[in-house]
Amino acid sequence: MDTISTSSFIYNPTFYIFKDASIRQIGKSYTHTPCHHLVPPSPPTIFENDVYVCTNALLKPGITLHTGCVVAQNAIVTKDVPPYAIVGGSPAKILKYRFDEPTRNRLLKLKWWEYHFADFDGIDAMKDINYYLDELESRIQNQTIKPFYPRKMQFEELIQISKQPVSVVKPQTTPQPPQEPSLQDQIISFKEQISKKDNEIKALQTSYQKAANFKNHLSYKLGNSLIKAHKSWYKGGYIKFIFEAIKIKNKHKN
């Protein structure tokens, strides 16, 4: 922002258009100034304890997200977020606090994050937050729990752990005994079976009737031809019957 131009000809030596133009103009490449000399590196963004950042939030470099704060989805955070504040919007503003001021001060003084989470076992999370803190303070004062000092891990180590296969154990489910159908369901099932049988019977009756009509019709024709042949046997009626039978057969072969 403080240089003669914001153009990359000042700091980018690999942009061939500027390089070729400089060689044509002055016979050599333009003497650039490295970008990190022009723009100082941003200070680190600090996440304190138990910070919750939702999806697609944008954080300005160098800000501090203090203990217990929540950053809403799509928020653009340009300033430090106070402890236990909930911020959202563009730019992000404080929407509300998770707890009242005395409770926030109590949480920060207790520093519960310095203890192993398993030491909180048995404290009802459904109760009021101050009830939870009463139980936790009692354990600390009675020295039934002590601060936990975890081993520090490098980011590369976390990457290696993430690449290890994870075995998923499916919970065993107890097979449920089959439920007896209700009386209404049984009645409906019986009606469906009766209707199905009725349809089958009707189909059989129709098929039988068609077959009976076909046989009667064919028998009638053959019988009629045989009677004619018998009456005219002396005129070669039986010979004619053979040809008539073949004709009837060909007509009714299907």
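Let's start at helix 3, which spans residues 101-110. Keep in mind that this is a predicted model. Which residues of helix 3 are buried? They are Thr 103, Arg 104, Arg 106, Leu 107 and Leu 110. Look down the helix axis and you'll find these buried residues within an arc of 160 degrees, so they line one face of helix 3. Turn to the other side of the helix and you meet Glu 101, Pro 102 and Lys 109, which are exposed.

So what covers the buried residues of helix 3? The cover includes strand 8, residues 92-97, and helix 4, residues 129-141. Before leaving helix 3, glance just past its end: Lys 111 sits right after the helix and takes a positive phi of about 55 degrees.

Now follow strand 8. Although strand 8 is part of what covers the buried residues of helix 3, strand 8 itself is hardly covered, and among its six residues the count of buried ones is zero. Its partner is strand 7: the two run antiparallel and are joined by five bridges. If you want a spot to click on, try Ile 86, which stands opposite Lys 96 in strand 8. A hairpin makes the connection from strand 7 to strand 8, and it does so through two residues.

That connection has a detail worth a look. Pro 91 is found in the loop between strand 7, residues 85-89, and strand 8. Is the peptide bond from Ser 90 to Pro 91 cis or trans? It is cis, with omega near -5 degrees.

Lys 111 has company when it comes to positive phi, so to speak, in two loops elsewhere in the chain. One is Asp 50, where phi is near 55 degrees, a positive value in a residue other than glycine. Asp 50 is found in the loop between strand 1, residues 46-47, and strand 2, residues 52-53. How accessible is Asp 50? Its relative accessibility is 39%, so Asp 50 counts as partly exposed, a class that lies between under 20% for buried and over 50% for exposed.

The other is Gln 143, which has a positive phi of about 60 degrees although it is not a glycine. You'll find Gln 143 in the loop between helix 4 and helix 5, the latter being residues 155-162. With a relative accessible area of 59%, Gln 143 is exposed. Helix 4, on one side of that loop, brings you back to the start, since helix 4 is among the elements covering the buried residues of helix 3.

Terms used:
Residues are numbered from 1 along each chain as its sequence is written. This is a predicted model: local features need pLDDT of at least 70, side-chain atom pairs count only at pLDDT 80 or more; totals for chains, interfaces and linings use all residues. Side-chain values use heavy atoms; hydrogens and water are left out. Buried means under 20% relative accessible area, exposed over 50%, partly exposed in between (1.4 Å probe, protein chains only). Helices (H or I, at least four residues) and strands (E, at least two) are DSSP runs, numbered from the N terminus. The arc is that of the directions from the helix axis to the C-beta atoms. Contact means heavy atoms within 4.5 Å. Two strands pair if DSSP finds at least two bridges between them.
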